[in-house]
Amino acid sequence: MPRYKLTIEYDGTPFAGWQWQETAPTVQRTLTDAIAALCGHVVKVAGAGRTDAGVHALGQVAHVDLAKEWRADKLRDAVNAHLRPHPVAVLGAEKVGEDFDARFSAKKRHYLYRIVNRRADLALERARAWRVPRQLDVEAMHAAAQELIGKHDFTTFRSTECQAKSPVKTLGQLDVTRDGDEVRIEASARSFLHNQVRSMVGSLVLVGDGKWGPADLGHALAARDRAACGPVAPPEGLYLVRVDY
């Protein structure tokens, strides 16, 4: 059976996350239903990673095995026709070898967290970013973020519901920058723990608020204790940007 790689964009607001659930709408289920409507039978949609309820994607990746050959652009357009009106779109489709696996073949995953740092409420960006009304010290946040770069036990920044076998991960990038009112936190690693990015962001905001110093983030990491983590940032500011293979 030919295997296809799909690159997918979605607004996570109306979904209970990526992972299939019987009693709630999810991105994986929506894609599965769309492809089943197209092909006339149910196929497994295997994603590069799970995103939580309310988290968005600019470049999620999945693979599917189909019963017949499709021209890539025709497959993209046909699946998109069945996805409407859901806020999910297949940006691209390509045929890949049987050894390609959206999850296990991935070399690196890139996330972006968006904070709008202003007093005024959000109008256009509501459910697309986290509004923090207090002025944040981005330079202090970036300096603190470097404490987390490298291979560490990230138990402090791991959800209690995380199913990963080990809390040890290697964080390759954690940059904090400002563009006007927007504070952007970019994180890259081969893989992440459940809630890791949002947990790191919440703690970084404590630094930006002046409640923690840069060294406090390192102390929280070294504690290997979930209780040492700052408040977890809300899901609406988080985007899965890209998956490298």
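A crossing of two helices is called right-handed if the near helix is turned clockwise from the far one by less than a right angle, and I begin with that definition because the first pair of helices I want to show you needs it: α1 passes α2 in a crossing of exactly this right-handed kind. Please keep in mind throughout that what we have in front of us is a predicted model.

Let me stay with that pair for a moment. Helix α1 covers residues 27-39, and its axis comes within 8 Å of the axis of α2, the two crossing at roughly 110°. Since angles of 65 to 115 degrees count as roughly perpendicular, α1 and α2 are therefore described as roughly perpendicular to each other. On the α1 side the contact is made by Thr30, Leu31, Ala34, Ile35, Ala37 and Leu38, and these meet Leu75, Ala78, Val79, His82 and Leu83 of α2. Sorted by class, the residues in this contact are nine nonpolar and two polar, with no charged residue among them.

Following α2, which spans 72-83, we come to the loop that leads on to β4 (88-96), and Pro85 has its place in that loop. The peptide bond from Arg84 to Pro85 is cis, with an omega near 5°. In general, most peptide bonds are trans, and most residues other than glycine have a negative phi. That second point brings me to Ala127, whose phi is positive, near 70°, although the residue is not a glycine; Ala127 is found in the loop between β5 and β6.

Those two strands also share an aromatic contact. Across the whole structure a search finds five aromatic pairs, and one of them is formed by Tyr113 and Trp130, in an edge-to-face arrangement with 6.2 Å from centre to centre and 90° between the planes. Tyr113 lies in β5 (residues 108-116) and Trp130 in β6 (residues 130-131), so this pair ties together parts that are 17 residues apart in sequence.

Turning now to the second helix pair, α3 (residues 138-145) and α4 (residues 196-208) pack at an angle of about 135°, with 8 Å between their axes. These helices are therefore oblique to each other, and their crossing is right-handed. Where do the residues of α3 and α4 meet? Ala140, Met141, Ala144 and Ala145 in α3 are in contact with Leu204, Val205, Val207 and Gly208 in α4, and by class this contact has seven nonpolar residues, one polar residue and no charged ones.

Finally, I would like to walk through three strands. Strand β7 (residues 150-153) pairs with β8 (residues 168-179) in the antiparallel sense, over four bridges, and within this part of the sheet Asp153 stands opposite Val168 in β8. Strand β8 is also joined to β9 (residues 182-189), again antiparallel, by eight bridges, with Val176 standing opposite Ile185 of β9. The hairpin of β8 and β9 has two residues between its strands, and there Gly180 takes a positive phi near 65°.

Note on methods: Residues numbered from 1 in each chain as written. Predicted model: local features only at pLDDT ≥ 70, side-chain atom pairs only at ≥ 80, totals over all residues. Heavy atoms only, no water. Axes fitted to C-alpha atoms, helices over the stretch in contact; angles between N-to-C directions. Parallel < 35°, antiparallel > 145°, perpendicular 65-115°, else oblique. Contact = heavy atoms within 4.5 Å. Nonpolar A, V, L, I, M, F, W, Y, C, P; charged D, E, K, R; others polar. Pairing = 2+ DSSP bridges. Phe/Tyr/Trp six-rings, centres within 6.5 Å; stacked < 30°, edge-to-face > 60°.
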